Amino acid sequence: MTQRVFIYEYLSGGGWSDYGDDAAADELLPLGLSMRDAMVADLVRAADCSVSAAVCEPGNTLPAGAVPLRPHANESAFDFVARQSALHDLVWLVAPETDGLLARFQRTVGDARWLGCSAEAIELTAGKKATLAHLAAHAVQTPLAFADAPDIARWVVKPDDGAGGVATHVHARHADALDDQATRTQAGATLTLEPWIEGEALSLSLLCTEQNAEMLSINRQCISIDAHGRLSFDGVNVDAVGRGDPRRHDLAALAMQVARAIPGLRGFAGIDLVWHPQHGPVVIEVNPRVTCAYVGLSAALGRNLAAELLADRLHGGGTHQERELARAVA
């Protein structure tokens, strides 16, 4: 039976006009477009699947094989998604956690059609402070463990529910970080202040099922900090850490540890971390959705990750044979 799947990426689907922060939307929109097109390209190659995806501009084309859908004039993003959800069997959606957007979309679509993490996992990981406290309580190493470390030289102030490197500032003095946090909090922002963890910025891409969290790849994050301490996320090198790297075993174990601590992770998810030279992996945040590391990952691995995700959703994990069949669809 053919499954009708609707792909909605918030910014490229028109949500940029409702985002409320033009600079942040401009920064995140190219990432959103690349994620959407990678998801569409994989899914149109999956067996027994018809694909529709949201576009916001007449000239904004999709990969071949997908049907473009646009909201009605003055239709809100949530009304548009609700309307399309009723017309499709499944909805695969990407949105920032900012202001509870992703969680609200999950509730709009409902569990029966939602292709991704549970509402509980989304709501927990939307807050960086809450996520770190929850993980620390499950023996996962986080920046909280370094709060009183004497060798911490920098501190970072960032939105508690932010995405990418938007509005993230790094300070060389703790007093400056406190001042930054206080100033922006007075302006209405909800911020978190953490020790800046020195080391290699990495991310893990996971494929989570009910029984397992497979570490698909270890990616290198490209991060820069300007003279004023403003952090920029400049992209990711996908599957950059080779199979022979001795850290892979520890990172695969970390992926399972995080998944057990947050059992609602399902489908594609990401973990941002820093590999500290002395202390090993330190988890910075968990992303309960497709991340920009998805782009090019199916090709890098020789798999169709969207087909595998769909097979898990339809068959409850499926047999080994079914998962291998899904991998072969390319």
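**Pockets and cavities in a predicted model**

Let me start inside the protein: β12 is the top contributor to the lining of the second largest cavity, giving three residues. Before I go on, please keep in mind that this is a predicted model.

So, that second largest cavity. It holds about 60 Å³ of space. The residues around it are Glu97, Thr125, Ala126, Lys128, Asp160, Asp161, Gly162, Glu285, Val286 and Asn287. Sorted by class, five of them are charged, three are polar and two are nonpolar.

One of those lining residues is Lys128, and I'd like to stay with it for a moment. Lys128 sits in helix α5, which covers residues 128–137. Is Lys128 buried or exposed? Its relative accessibility is 7%, and because buried means under 20%, Lys128 counts as buried. Setting aside residues up to four places away in sequence, Lys128 touches Lys158, Pro159, Asp160, Asp161, Gly162, Thr192, Glu194 and Glu285. You'll recognise Asp160, Asp161, Gly162 and Glu285 from the cavity lining.

Now let me zoom out to the whole protein. There are ten helices and twelve strands. The radius of gyration is 19 Å, close to the 20 Å that the globule rule gives for 330 residues, so the protein is as compact as a globular protein of that length. If you lay the C-alpha trace along its principal axes, the spans come to about 60 × 50 × 30 Å. Of the 330 residues, 54% are buried. For contacts between residues at least 6 apart in sequence, 61% join residues that are at least 24 apart. As for the surface, about 14,300 Å² is exposed, with carbon and sulfur atoms supplying 53% of that.

Back to the empty spaces. How many cavities of 30 Å³ or more does the structure hold? There are three. The largest cavity has a volume of about 80 Å³ and a lining of 14 residues, with Leu115, Gly116, Phe268, Pro288 and Arg289 lying nearest its centre. By class, that lining splits into ten nonpolar, two polar and two charged residues. β4 (90–94) and β11 each supply at least two residues to it.

β11 comes up again in the largest pocket, where it gives the most to the lining, with five residues. This pocket has a volume of about 830 Å³. In total 47 residues line it, and nearest its centre are Gly164, Gln221, Phe233, Asp272 and Glu285. Several elements give two or more residues to this lining, among them α1 (22–43), β9 (213–225), β10 (231–237) and β12 (280–287). By class, the pocket lining has 27 nonpolar, 13 polar and seven charged residues. Do take a look at Glu285 on the screen: it is one of the residues nearest the pocket centre, it lines the second largest cavity, and it touches Lys128.

One last stop, on helix α7, residues 248–261, where we find Val258. With a relative accessibility of 0%, Val258 counts as buried. Which residues does Val258 contact, leaving aside neighbours within four places in sequence? They are Leu135, Val140, Leu265, Ile271, Val283 and Val286. Val286 is also among the residues lining the second largest cavity, which brings us back to where I began. And for Val258 and Ala139, which are 119 residues apart along the chain, the C-alpha atoms are separated by 9.5 Å.

Thanks, everyone. I'm happy to rotate the model if you'd like another view.

Technical notes:
Residues are numbered from 1 along each chain as its sequence is written. This is a predicted model: local features need pLDDT of at least 70, side-chain atom pairs count only at pLDDT 80 or more; totals for chains, interfaces and linings use all residues. Side-chain values use heavy atoms; hydrogens and water are left out. On a 1 Å grid over the protein atoms alone, a cavity is a set of points where a 1.4 Å probe fits but cannot get out, and a pocket is an open set with protein on both sides within 12 Å along at least five of seven lines; lining residues have an atom within 4 Å of a point. Grid points are joined across faces, edges and corners, and a volume is the space filled by probe spheres set on the points. Helices (H or I, at least four residues) and strands (E, at least two) are DSSP runs, numbered from the N terminus. Ala, Val, Leu, Ile, Met, Phe, Trp, Tyr, Cys and Pro count as nonpolar, Asp, Glu, Lys and Arg as charged, and the others, Gly among them, as polar. The radius of gyration is taken over C-alpha atoms; the globule rule is 2.2 Å times the number of residues to the power 0.38. Buried means under 20% relative accessible area, exposed over 50%, partly exposed in between (1.4 Å probe, protein chains only). Contact means heavy atoms within 4.5 Å. Accessible areas come from the Shrake-Rupley method with a 1.4 Å probe; for residues, only the protein chains shown count as cover.
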